[in-house]
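Here's a quick question-and-answer run through one protein model. Have a look at it first, then we'll get into the side chains.

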Amino acid sequence: MLANRADTYNLGDILQGKEQAFALSYLENALTSHPLLAPLAGREPADVHKLVAMAQGEELPASELAHGYGTAELEELVTLFERLLQVQRTLLLVNQGYIASASQDDRYRSEPPFKLQGSYRNMNKLAEKVATAMNEAELERLIDDHYASEAQTLTRGAEQNLLKLAEMRGRQSDEQKARWAEIKEAFVRVQRMGGKDEDPVARITGSLSLLDDQLKGIRDALGRALNASQADQSVAARDDALRQGLQALSRPKLAVTLHGGAPQELVHLASEQLSLLRDVMSPILASGVGSGSEGQAQRLAEIAAAIAGMQRTLERGMTRPERVDVSLVGHSKTNFFRRVSSPDVCSAGGVFVATYEKPPPLGTPLELALSFPSGPTSRVFGDVEYTQDELSEDCPAGFGVRFNEVSPEARALIEEYATVREPLLRDD
């Protein structure tokens, strides 16, 4: 049994003490997937073990093998096993990551769940494409391409799963590291807000709990502004205002206890807290307008932006649609669609998401994170309009989302993509 299932919580114990045998099973199951290795499946099993040992650097005479191999054939087999061992190490790493993620309770996650698998099926598909002439970089690219294709079968989370895989393999670029940090931060924020499926009371309560972190950021910005102004004796009055603001913000954080309150009451409570914060900050912000150093002005602008960000956080907490990652990279069957009567994809069409997972119910509002082949990403909003089962290669399973909010930046990317790849047609 390949230990990559999520139906038990003791998957790590199933293979305890048998890790080496499990790792070897990847190679044993992949023998028939490569023409050079297929004959080994009908020979002495011990030969496979000895060839693997030779590929790992152990020196064994050819006379110890049950079958008589020529020198050239033996060298080719050992080289091929060296390449497959590199693939095996990656798949074992992916399998362990899948097990660790599957056995973790959603309430305690600090990053999105990892759904890519390192199964025998993955090993077989990769083994059939491995060649002895490949170098290490070419082999890594083969693995990259394989998992990019595997990620497209996920309904949601393709981007985050590929970023997690790159982190596990130590192949993240600086841009990918920044994006992965952004995704993890957003995931933790949503978790603390109660999750996308929680009721509005839980979401708004979670939003209020985030105020403490944002207030800490404001206190830090005020502290930096205070330190920068200490050298200038002419700003003593502003220092006093800053100290008063710091004292007000350093009071114990707000504790909210719910006793059957309605969401409207919580919204009113949040508005009052924001108003109080603005009253505290107004004299500080006003004192920095038109005077002081450029650095101070920038810090005060950061404070104003942080207050505005809190308001947006509370608004998103009340009505946050489910997010779906949509990849248009490579040979994805996902594509935009338009009406027969209109050539405009954005105003009268949408996007068909190819997936074998259960589609969302009709009418479900979604936030779609679109990833384009040229590199940029954009977000649009829409509702699930239809679903379909797989009928043929040209008619895959999935669901269609009709757009109802498309930014000018997203429209430009969608229209550019539609000029290269013809959208699907759908009856009015």
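Q: Does Arg-338 count as buried or exposed?
A: Keep in mind that this is a predicted model. Arg-338 sits in strand β2, which covers residues 335–339. The cut-off for buried is under 20% relative accessible area, and Arg-338 comes in at 16%, so the verdict is buried.

Q: Which residue has its backbone oxygen 3.3 Å from a polar atom of the Arg-338 side chain?
A: Skipping neighbours within four places in sequence, Arg-338 is in contact with a list of residues including Pro-343, Asp-344, Glu-422 and Arg-426. The backbone oxygen at 3.3 Å from a polar atom of its side chain belongs to Ser-342.

Q: How many salt bridges does a search of the whole structure find?
A: In general, side chains of opposite charge can pair when their charged atoms come close. Arg-379 and Glu-367 are one such pair here, with the closest N and O atoms 3.2 Å apart. Searching the whole structure gives a total of 21.

Q: Arg-379 and Glu-367 form a salt bridge, but how far apart in sequence are the parts they tie together?
A: Arg-379 lies in strand β5 (residues 377–388), while Glu-367 lies in strand β4 (residues 365–371). Glu-367 is buried at 7% relative accessible area, whereas Arg-379 is partly exposed at 42%. The sequence separation of the parts they tie together is twelve residues.

Q: Which residue does Glu-385 meet in a salt bridge?
A: Glu-385 is in strand β5 and its partner is in strand β6 (residues 398–406), so the pair ties together parts that are 17 residues apart in sequence. Glu-385 counts as partly exposed at 25% relative accessibility, and the partner is partly exposed too, at 35%. The N to O distance is 3.9 Å, and the partner is Arg-402.

Q: Which residues are linked with Arg-323 and Asp-325 in a network of salt bridges?
A: Start with the pair itself: Asp-325 and Arg-323 meet at 3.1 Å, N to O. Asp-325 is buried at 8% relative accessible area, but Arg-323 is partly exposed at 27%. The network links these two with Glu-159, Arg-179 and Glu-182.

Q: Are the rings of Phe-337 and Tyr-386 stacked or edge-to-face?
A: By the ring-pair rule, the structure has eight aromatic pairs. For Phe-337 and Tyr-386 the centres are 5.7 Å apart and the planes sit at 70 degrees; the cut-off is over 60, so the pair is edge-to-face. It links strand β2 with strand β5, 49 residues apart, and both residues are buried. The label to keep is edge-to-face.

Q: What about Phe-352 and Tyr-386: stacked or edge-to-face?
A: Phe-352 is in strand β3 (residues 350–354) and Tyr-386 in strand β5, 34 residues apart. Phe-352 is buried at 2% relative accessibility, and Tyr-386 is buried at 10%. Their centres are 6.3 Å apart with the planes at 10 degrees, so this pair is stacked.

Q: Which residue has its charged end over the ring of Tyr-386?
A: This is a charge-over-ring arrangement, with the charged end 3.6 Å from the ring centre. Its owner is also listed among the contacts of Arg-338. The residue is Arg-426.

Note on methods
Residues are numbered from 1 along each chain as its sequence is written. This is a predicted model: local features need pLDDT of at least 70, side-chain atom pairs count only at pLDDT 80 or more; totals for chains, interfaces and linings use all residues. Side-chain values use heavy atoms; hydrogens and water are left out. A salt bridge is a side-chain nitrogen of Lys or Arg within 4 Å of a carboxyl oxygen of Asp or Glu. Buried means under 20% relative accessible area, exposed over 50%, partly exposed in between (1.4 Å probe, protein chains only). Helices (H or I, at least four residues) and strands (E, at least two) are DSSP runs, numbered from the N terminus. A polar contact is a pair of N or O atoms within 3.5 Å; within protein, one must be able to donate a hydrogen and the other to accept it, and residues adjacent in sequence count only if both atoms are side-chain atoms. Contact means heavy atoms within 4.5 Å. Rings of Phe, Tyr and Trp (its six-membered ring) pair if their centres lie within 6.5 Å; planes under 30 degrees apart count as stacked, over 60 as edge-to-face and the rest as tilted. A charge sits over a ring if NZ of Lys or CZ of Arg is within 6 Å of the ring centre and within 35 degrees of the ring normal.
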